[in-house]
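Q: Could you pick out one part of this model and take me through it closely, from its geometry to its surroundings? I'd like the cut-offs behind each term as you go.

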Amino acid sequence: MTRHLLPIALAAAVAFPALASAADTQPPPRIIVSGEGEATVAPDMAILSLSVMREAKSAREALDANNDAMAAVIAAMKSAGIAERDLQTAGIQINPRYNYTNKADGSQEAELVAYQVTNTLSVRVRNVDKTGEILDKAVSLGVNQGGGITFTNDDPKATITEARKKAVADAMAKAKTLAEAAGVSLGKVLEITDQNIAPVPMPMAAKSFDAARSAVPVQAGENSYNVQVTVTFELK
């Protein structure tokens, strides 16, 4: 072999093993499918959002009136069996209220007429059957805003596990159908990812408080937990 062809031969000798190695490392054919699973369970806890709003000429007077009303609400919650750990202040707002008068030149004149103080309390009711009673007691003591209710579960792990199994089974069934239609066989599972979807809150309109005369009728229903999975299979 002539001297000037030697480098070319060496380069080819190095390149061919590299190409062969690259071919060996190509990922195997695969299929990616998604699956969904759902499981339901009765809620065992309600989370209430209760607000007290008081108005007065000065911010101090409004705050004092609000403090007295909210203190009575909190005391009533505790007497009804709500634990200290299940009562949490969610926010306090102090806002001025103005009256606006139109002037001849088209502008407006603002007159400060009062201050509004709103205190919001988050309450976890661990005995769902007492939710209506708690709402009625709160309204009787001065709660006049809020009313958001979320029915949830203290420990939904078992229900989510059931939904997750259904989601994986759904994904596998889809993958088998697709593989059979394509004339190929499923291999091992290469990857699984999942996503939990929690139940959405069930709101209760504040205007319902105005008509409250006895225990508020509340239907807890069922919570639906959904899981979505993405599964990657090897194809043979």
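A: Happy to; what follows is a walk along helix α4, residues 157-182. A word on the ground rules: this is a predicted model, so local features need pLDDT of at least 70 and side-chain atom pairs count only at pLDDT 80 or more, while totals for chains, interfaces and linings use all residues. Numbering starts from 1 along each chain as its sequence is written, and side-chain values use heavy atoms, without hydrogens or water.

Let's begin with the geometry. Helix α4 has 26 residues, so at 1.5 Å a residue it should span 38 Å, and the 37 Å between its end C-alpha atoms agrees with that. (The expected span is 1.5 Å times one less than the number of residues; helices are DSSP runs of H or I with at least four residues, and strands are E runs of at least two, numbered from the N terminus.) Right after α4 comes G183, with a positive phi near 75 degrees.

Now for the side that faces inward. The buried residues of α4 (buried means under 20% relative accessible area, exposed over 50%, partly exposed in between, with a 1.4 Å probe and protein chains only) are T159, I160, A163, A167, A171, A175 and A179. Why might such a spacing suit a helix? An α-helix has 3.6 residues a turn, so residues three or four places apart point the same way. The buried residues of α4 pack against β1 (30-41), β6 (186-197) and β8 (223-235), with contact meaning heavy atoms within 4.5 Å.

One of these residues, A163, also belongs to a nonpolar core (buried Ala, Val, Leu, Ile, Met, Phe, Trp, Tyr and Cys residues joined through side-chain atoms within 4.5 Å). The largest core has 22 residues, with L48, M77 and V123 touching the most other members. Apart from it lies another core, of 14 residues, and A163 is among its members, along with Y225, V227 and V231.

Finally, some charged chemistry on α4. D170 and K174 form a salt bridge, with N and O 3.6 Å apart; the rule asks for a side-chain nitrogen of Lys or Arg within 4 Å of a carboxyl oxygen of Asp or Glu. Because D170 and K174 are four residues apart in α4, about one helical turn separates them. D170 counts as partly exposed because its relative accessible area is 26%, and K174 is partly exposed too, at 36%. By this rule, the count comes to nine salt bridges.
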